[in-house]
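Here's a quick tour for anyone about to look over this model. Take a glance at the fold before reading on.

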Amino acid sequence: MPRALITGITGQDGLYLAELLLEKGYEVFGLIRGQNNPKLDLVQATVPDVKLIAGDLSDVAGLTRVLAAAQPDEIYNLGAISYVAYSWENASLTSDVTGKGVLNMLEATRQYAGSEPGSVRFYQASSSEMFGKVQEVPQSESTLLWPRSPYGVAKVFGHYMTINYRESYGMHASSGILFNHESPRRGPEFVTRKVTQAVARIKLGMQNELVLGNLDAKRDWGFAGDYVEAMWRMLQQPAADDYVIATGETHSIRELLAVAFEAVGISDWTPLVKQDPRFMRPAEVDLLIGDPAKAKAVLGWKPRVNFEELVQMMVENDLREQAAIAR
């Protein structure tokens with residue numbers, strides 16, 4: 001039975017990945033920060049077969065003990081402070097966790113693997129936010145990185161550190177440059193879930209309007225459940241490498257609003273949506289669209305859920321959740 005360790009087990013990716021690995025017969029361990037973690041009950045209810053181990057990405061010695069206990073064949077480093085807007089409020093903490101945390105995990109893995117550095121396979125969750133001020137459209141594995149947020153900068157550090165450990169120590173360390181991926185498990189602070197949750201509440205008469213920032217920003221949105229399969233496929237390859245994981249399509253916030261409101265029978269959403277400068281980024285990332293050709297050719301991966309299906313899935317989930325709250 002193969003063994004896997006997932007950091008960031010409490011996030012949407014961690015939960016979907018844990019489900020996938022359990023279905024494939026893995027023994028799965030999840031790193032969780034603190035026994036009083038507010039998402040502990042969610043993880044235990046969603047993936048009860050995952051064995052949870054307390055640990056912190058800022059503690060190399062502690063991570064080394066976690067690896068000794070879990071003895072993983074594969075490590076999926078998903079742990080990060082992943083809310084981009086927050087990274088401006090606390091750039092230092094974001095850098096420590098999202099950036100240096102990758103270095104700590106790589107070093108702990110290197111020590112754990114010992115004289116056979118390639119024996120443990122390592123996945124790093126890189127991000128399309130690394131492209132920031134995009135230098136070409138669409139973005140591929142060779143596109144120049146130009147991050148425009150402390151989160152993006154931290155992800156660039158982790159990305160290049162992963163490459164450095166692969167090249168310096170012969171580690172089987174791959175990075176997935178994932179474009180925006182969403183699901184009903186996405187946190188309500190992210191714009192997609194903020195929209196679908198608000199649409200459900202407006203439909204149910206629980207909310208009057210939705211306040212957003214830049215409605216013209218465009219993203220390449222896919223389904224998180226599809227994207228975790230790409231992570232697993234990377235670690236099944238004979239050689240480690242970096243891959244863009246994306247749909248190859250881009251949609252604006254306005255399109256997101258149109259599909260979400262249409263799902264509840266509201267065709268004209270404009271009177272219900274307001275813009276507020278407080279929700280504008282200090283440095284906006286205007287157009288992100290990925291080129292997943294390499295992932296398709298090498299990994300045999302392609303997304304299954306399209307944009308409209310994804311948004312409708314999230315709206316339907318939020319209608320059920322909000323209706324239960326209303327009762």
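What follows is a short walk through one strand and its partners, a helix, and two single residues. Keep in mind that this is a predicted model. Strand β6, which spans residues 172-178, is a good place to start, since it links up with strands β5 and β11.

**Strand β6 and its cover**
- Seven of the seven residues in β6 are buried.
- In a regular strand, side chains alternate between the two faces of the sheet.
- On one side of β6 sit His-172, Ser-174, Gly-176 and Leu-178, with Ala-173, Ser-175 and Ile-177 on the other, and both faces are covered.

**Who β6 pairs with**
- Strand β5 (residues 121-127) runs parallel to β6, and seven bridges hold the pairing.
- Within that pairing, Ser-126 sits opposite Ile-177 of β6.
- To get from β5 to β6, the chain passes through helix α6 (residues 150-169), making a right-handed β-α-β crossover.
- Strand β11 (residues 242-245) is also parallel to β6, joined to it by four bridges.
- Here Leu-178 is the residue that faces Ile-245 in β11.

**Helix α8**
- Helix α8 covers residues 224-234 and is mostly tucked away, with nine of its 11 residues buried.
- The buried set includes some charged-looking names you may want to find on screen, among them Asp-226 and Glu-229.
- Also buried in α8 are Tyr-227, Met-231 and Trp-232, to name a few.

**Arg-193**
- Arg-193 belongs to helix α7, which runs over residues 191-203.
- Is Arg-193 buried or exposed? Its relative accessibility is 6%, and the cut-off for buried is under 20%, so Arg-193 counts as buried.
- Its side chain makes a polar contact with the side chain of Glu-321, at 3.1 Å.
- Leaving aside residues up to four places away in sequence, Arg-193 touches a run from Ser-183 and Pro-184 through Arg-185, Arg-186, Gly-187 and Pro-188.
- Arg-193 also touches Met-314, Asn-317, Asp-318 and Glu-321.

**Val-211**
- You'll find Val-211 in strand β8, residues 210-212.
- With a relative accessible area of 25%, Val-211 lands between the 20% and 50% cut-offs, so this residue is partly exposed.
- Which residue is 64 residues from Val-211 in sequence but 5.5 Å away in space? That's Gln-275, with the distance taken C-alpha to C-alpha.

Key. Residues are numbered from 1 along each chain as its sequence is written. This is a predicted model: local features need pLDDT of at least 70, side-chain atom pairs count only at pLDDT 80 or more; totals for chains, interfaces and linings use all residues. Side-chain values use heavy atoms; hydrogens and water are left out. Helices (H or I, at least four residues) and strands (E, at least two) are DSSP runs, numbered from the N terminus. Buried means under 20% relative accessible area, exposed over 50%, partly exposed in between (1.4 Å probe, protein chains only). A polar contact is a pair of N or O atoms within 3.5 Å; within protein, one must be able to donate a hydrogen and the other to accept it, and residues adjacent in sequence count only if both atoms are side-chain atoms. Contact means heavy atoms within 4.5 Å. Two strands pair if DSSP finds at least two bridges between them. A crossover is right-handed if, with the strands pointing away from the viewer, the path from the first strand over the helix to the second runs clockwise.
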